[in-house]
Each structure stands twice: as C-alpha cells, then as structure tokens.
Amino acid sequence: MTDRPTPRPPRLIVSDLDGTLLRSDGSVSARTRSALAMAEDAGATVVFATGRPPRWMREVAQATGHRGIAVCSNGALVYDLHQEKIIEGFPLAPEIGRVVVEAIRTSIPGVSFGVEFGDRFGHEETYLVAGDRLNETFIGRISDLLVAEPVLKLLVKHEGYEPDQLLAKAREVAGDLVTMTHSSKIGLLEVSAQGISKASTLATLCAERGIDASEVVAFGDMPNDLAMLAWAGTPYAVTGGHPDVLAAVERRCPSNDDDGVASVLESLFR
C-alpha cells in the first residue's frame, strides 16, 4: 500500500472579521493572534476580508500588529494594514447608483440610503446612525452623495424588514445591475459594483502572487462571505453562522467566541 503524500499547508489564510475572527466584544484573542503569527511564520499569507470600511480597521490593525492586507467593504477596496492606507478601489459608477436607488425606492417605500467612500460615510437624513458613529458621518441628498466622490459601497436600510426579505425584494428590481448582499441582523443591505465581492478581489490578489484557489483556506459566517467560501479551496463555516452559509459549506469551525479560526490554524500549522 502506497503512503499518501503529506498535505501541503495552505499558502493563504483569509478570514472574515465580525462574527468570525473577532470575538463578540470586537477583540482579537491572544490565542487568535498567536495562531495568525504561526501561519505567517510558516510562510502563509494572512488576509482579512470584511464588510467593514477602512475607517473601522484601525483597532484590528493594532490588535494584529499592523501586519498584512485587508479586503474591505466586501471587496470594493484593498487596504494596507501596515501603512493604514487604501491601495486599490473598485467603485460603483454614479449612473448605475442612481438607477439602483430609484428602482429600490420605487419598489420598497420607506427605504433610506447611505454611501461609503472609504474613509468617510454619507447618508440621507432618514438613514439612522448609531450614536457612537455620528462623528464619522455627514448628511446629504443621495443624488449628491453618489457624485461627491467614488462610492465604494451603497447601503440600503429599512427598519421594517428582515435582511433576507429586504435582499430578496431589492434583487428583484436591481439585482442584475450590482452585487447585493448583507451581513447584518437588521434590514440593511450592502451594494457593490457588479461582479465585485470578497471573492473577486481575493482572486485578483492571489493571481498576482501565483496562489491558486485550491491553496486557500477561508472562514466566514454571513451571506457576504458566500462567494468567498465558494471560491476558496478549503472553506469553513463558523458554528452559529447564517443558515445559507451553513447549508453551503460542509466544514465547520467553532464559534468566534470559542476561537474557531485559531483552532483550525493550530491544526494546520502545528
């Protein structure tokens, strides 16, 4: 009987942040920091892929030692954690944004819109923002916000819908124009340029580095992770994740509060 070859360790580790790598309080555990360092010491590239904008990445950069890069805003930009600097962006064209806004507002009365520019956030007056984020935002008409500067993510909010319901309704009227997803437990959608996702930007980064998707291990928990998990050679769904993710991904890791990502990395690199 021929011995099986020893599996090669993955060349790239990519993890979602909220609900996956970060604990519920937003922290990075000592065990997770150690596991990420172990993977990098073994030669793997570590990438964070998140719906977060760069302005919410500073605490993550500090907690992980300002190492590596992040795919932010669901793939709409690449962010250098070491320099805390945007490297590349894939914005939504203003004319497409206007059509999408009009179609969704006509079909779903009561929606409100916001826009991510990368380091700033603008929103309509009716778009409610949590008090601890008020200092990061400014208010304007959506028609003006769409052309103020390149829009990396359009946000659609409706207090009366569950996120899956809102996503289905919005896709009916504008799903062929843009990429729509969500990563929230409230009625909040995240809209990017057509074809832009965590997966598309990761594929570009890997092609530049000569890394095949089969050499990638990925972790996620929400619908905005689905394309990434389908693309990666070895995907893991976080225990307790969204039902669509659990249905699509066979492998499981423990929850974010149980250091699930770290437990898998320890098994791969020890």
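This is a short talk on the fold of one predicted chain, going from overall shape to its two sheets and their packing.

I'll start with confidence, since this is a predicted model. The mean pLDDT of the chain is 93, and 96% of the residues reach 70 or more. The weak part is residues 1-6, where pLDDT is below 50. In the model that stretch has zero contacts beyond near neighbours in sequence, and I'll leave it there.

Now the overall shape. The C-alpha trace spans about 65 × 40 × 35 Å along its principal axes. The radius of gyration is 19 Å; for 270 residues a compact globule would be near 18 Å, so the value agrees with that picture. Of the 270 residues, 51% are buried. Taking contacts with a separation of 6 or more, 57% are between residues 24 or more positions apart. In secondary structure, the chain has ten helices and 14 strands.

The strands bring me to the sheets. One is an open sheet of eight strands with mixed pairing, and its order is β5-β4-β3-β2-β1-β12-β13-β14. Its edge strands are β5, residues 85-89, and β14, each of which pairs on one side only. Inside the sheet, β1 and β12 run parallel and are joined by four bridges. If you want a register point to check on the screen, V14 has A218 in β12 as its bridge partner.

At the β5 end, β4, residues 77-80, pairs with β5 in the antiparallel sense, again over four bridges. The register point there is D80, whose bridge partner in β5 is K85. These two strands make a hairpin with four residues between them. In the turn, E84 has a positive phi of about 50 degrees.

What packs on this sheet? Helix α10 does, touching β1, β12, β13 and β14. The direction of α10 makes about 165 degrees with that of β12. How enclosed is α10? Seven of its ten residues are buried, so the helix is largely enclosed by the rest of the structure. The buried ones are G260, V261, A262, V264, L265, E266 and F269. Note that E266 is on that list. Besides the four strands, the buried residues of α10 pack against helices α1, residues 17-21, and α2, residues 30-41.

That leads to the nonpolar cores. The largest has 32 residues, and those with the most contacts inside it are I13, F48, M57, F219 and L265. Helix α10, residues 260-269, gives the largest share of this core, five residues. Separate from that core is another of 25 residues, including V101, M180, L189 and I196. Going back to L265 in α10: leaving aside neighbours within four places in sequence, L265 is in contact with I13, A35, L36, M38, F219 and R270. Two of those, I13 and F219, are also on the list of residues with the most contacts in the largest core.

On to the other sheet. This one is open too, with six strands in the order β8-β7-β6-β9-β11-β10 and mixed pairing. The edges are β8, residues 137-139, and β10, residues 178-181; each has a single partner strand, so one side of each is left without a neighbour in the sheet. From one strand to the next the twist averages 25 degrees.

Within this sheet, β9, residues 153-157, and β11, residues 188-193, pair in the antiparallel sense over four bridges. L155 has E190 in β11 as its bridge partner. Helix α6, residues 163-174, lies across β9, β10 and β11 and runs at about 165 degrees to β10.

One residue in β11 is worth a stop, and that is S192. Is S192 buried or exposed? With a relative accessible area of 2%, S192 is buried. Setting aside neighbours within four places in sequence, S192 is in contact with S73, N74, L92, L152, V178 and T179.

For contrast, take G43, in the loop between α2 and β2. G43 has a relative accessible area of 58%, which makes this residue exposed. G43 and G97 are 54 residues apart along the chain, and their C-alpha atoms are separated by 41 Å.

To recap: there are two open sheets, one of eight strands and one of six. Helix α10 packs on the eight-stranded sheet, and α6 lies across three strands of the other, β9, β10 and β11. That's all I have.

Key
Residues are numbered from 1 along each chain as its sequence is written. This is a predicted model: local features need pLDDT of at least 70, side-chain atom pairs count only at pLDDT 80 or more; totals for chains, interfaces and linings use all residues. Side-chain values use heavy atoms; hydrogens and water are left out. A nonpolar core is a set of buried Ala, Val, Leu, Ile, Met, Phe, Trp, Tyr and Cys residues joined through side-chain atoms within 4.5 Å. Buried means under 20% relative accessible area, exposed over 50%, partly exposed in between (1.4 Å probe, protein chains only). Contact means heavy atoms within 4.5 Å. Two strands pair if DSSP finds at least two bridges between them. Axes are lines fitted to C-alpha atoms, for helices over the stretch in contact, and angles run from 0 to 180 degrees between N-to-C directions. pLDDT is the predictor's confidence in each residue, from 0 to 100. The radius of gyration is taken over C-alpha atoms; the globule rule is 2.2 Å times the number of residues to the power 0.38.
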